[in-house]
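Let's take a friendly walk through a protein model. Have the sequence and the 3D view ready as you read.

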Amino acid sequence: MSPKKKASKKPAVDDSKVKLQRLPAEQAHADEIARLRKWDSHPVPPGWAMSPIAVEKFVLGDEEVGIVPKIVVDPGVVTRIVIALCTDRGCLLVGEPGTAKSWLSELLAAAISGDSSLTIQGGAVSQVDQLLYTWNEALLQHGGPTPEALVPSPIYRGMRDGKIVRFEEVARCPQPLQDALLSILSDRMITIPEFSDEESVLYSRAGFNVIATSNSIDEGVNRMSAALKRRMNFENIPPIRRVDDELEVVMREVVRLNHGSGIDIDLDEQVIEVLVTIFHELRNGQSLSGRSTDRLAGATMSTAEAVSVAHALCIHAWYYSAGELRVDHLIHFIIGSALKDQPDDRRRFRHYFDTEVAQKKGAYWREAYAQRHLI
């Protein structure tokens with residue numbers, strides 16, 4: 001491998017500023033949202049911050065308006081999701097782990113409502129009051145059930161304020177709680193029996209809707225409620241099909257993560273290409289040349305995991321290798337992602353190296369194959 005330019009030695013973090021580890025989409029892309037709202041001359045649905053056309057541009061990008069693409073997905077999928085959210089039906093995004101379902105729902109909520117923070121984690125909800133509302137016990141004991149004592153859930157706030165609510169991993173939520181969403185999606189109201197008169201019912205405002213996600217492989221401990229399925233449009237979010245598109249996504253996201261971590265490295269695209277190709281082939285069970293390969297049973301080898309591995313490699317290079325990305329270091333991090341709790345995966349991974357990596361041309365691939373002994 002040819003030596004790469006070493007990164008300049010400079011402070012990794014500006015101590016004069018306190019940085020957030022991650023900004024929500026509406027803050028990270030606030031300039032684009034403002035630009036789109038100024039540009040937007042199309043009809044805007046009630047309660048929405050911009051038109052469906054502008055929402056699609058925010059997600060998929062538009063060079064003429066100065067909007068960068070934020071996800072690789074079939075434009076028709078985004079159109080169907082946006083249209084579903086214009087109706088009284090919610091939308092369920094289904095797909096393998098790591099296909100950016102949550103990121104897509106965050107982008108949509110940021111564009112439509114200007115707020116992607118109204119989120120429910122299905123696995124963390126075990127009681128109906130967690131789904132709808134709870135009470136501040138101190139205020140409840142002091143003054144009884146008053147509006148000030150009520151603690152609204154994300155669902156309650158979304159209905160009250162007319163915003164999109166994100167329901168992550170809905171299949172991890174018990175079916176009785178899934179069914180509690182039925183009246184919300186059908187009647188668009190929450191009954192509060194502790195209140196009287198007009199305060200006893202919360203009616204949803206225009207703009208409210210639900211985007212749910214569910215993994216098609218790791219479905220959780222609960223089956224999806226059949227009644228809930230009938231009230232939501234399903235959209236399958238597949239893995240990225242073209243390796244070139246996946247490479248572009250990984251490069252872009254790693255640059256963003258590196259910036260957030262306070263490191264400045266010249267990415268060696270050939271090293272990242274080795275990483276992306278290995279993940280792509282093992283995930284799809286097929287090499288780029290068309291030969292069948294063994295899929296790993298315990299790892300999804302998703303694009304999101306490829307980004308994490310590439311970022312970890314950059315962190316290692318910055319602190320341990322004077323900013324140089326090296327394939328021999330990369331294999332260590334791939335092993336940590338690929339080999340989990342399935343003993344046979346080690347054999348499958350070795351077989352992949354013997355049959356596929358060994359056949360690939362180029363110094364970087366020869367260096368990768370030389371690390372087979374680590375598996």
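This report looks at a strand, two cores and one loop residue in a predicted model.

## An enclosed strand

Is strand β1 a good place to start looking at buried or exposed residues? Rather, ask how many of the six residues of β1 are buried. Six of the six residues in β1 (residues 90-95) are buried, so the strand is largely enclosed by the rest of the structure. Gly90, Leu92 and Val94 sit on one side, while Cys91, Leu93 and Gly95 sit on the other, and both faces are covered.

Strand β1 also has partners. With β9 (residues 232-236) it pairs in the parallel sense over five bridges, and there Leu92 stands opposite Phe234. With β8 (residues 209-215), β1 pairs in the parallel sense over five bridges, and Gly95 stands opposite Asn215.

## The nonpolar cores

The largest nonpolar core has 42 residues, and among those touching the most other members are Val250, Ile272, Leu325 and Phe349. Elements giving two or more residues to this core include α11 (243-260), α12 (269-284) and α13 (303-320).

Try finding Val250: leaving out residues up to four places away in sequence, Val250 touches Ile272, Val276, Thr303, Ala306, Val307 and Ala310. Apart from this core lies another, of 36 residues, including Val125, Cys173, Ile190 and Ile192.

## A buried residue in a loop

Now look at Asp62, in the loop between α3 (52-60) and α4 (75-86). Its relative accessible area is 15%, so Asp62 counts as buried, the cut-off being under 20%.

The side chain of Asp62 reaches the backbone nitrogen of Glu64 at 2.9 Å. Not counting residues up to four places away in sequence, Asp62 touches Lys57 and Ile67.

Note on methods:
Residues numbered from 1 in each chain as written. Predicted model: local features only at pLDDT ≥ 70, side-chain atom pairs only at ≥ 80, totals over all residues. Heavy atoms only, no water. Core = buried A, V, L, I, M, F, W, Y, C linked by side-chain atoms within 4.5 Å. Buried < 20%, exposed > 50% of the residue type's maximum accessible area, 1.4 Å probe, protein only. Helix = DSSP H or I, 4+ residues; strand = E, 2+ residues; numbered from the N terminus. Contact = heavy atoms within 4.5 Å. Polar contact = N/O pair within 3.5 Å; in protein donor to acceptor, adjacent residues only side chain to side chain. Pairing = 2+ DSSP bridges.
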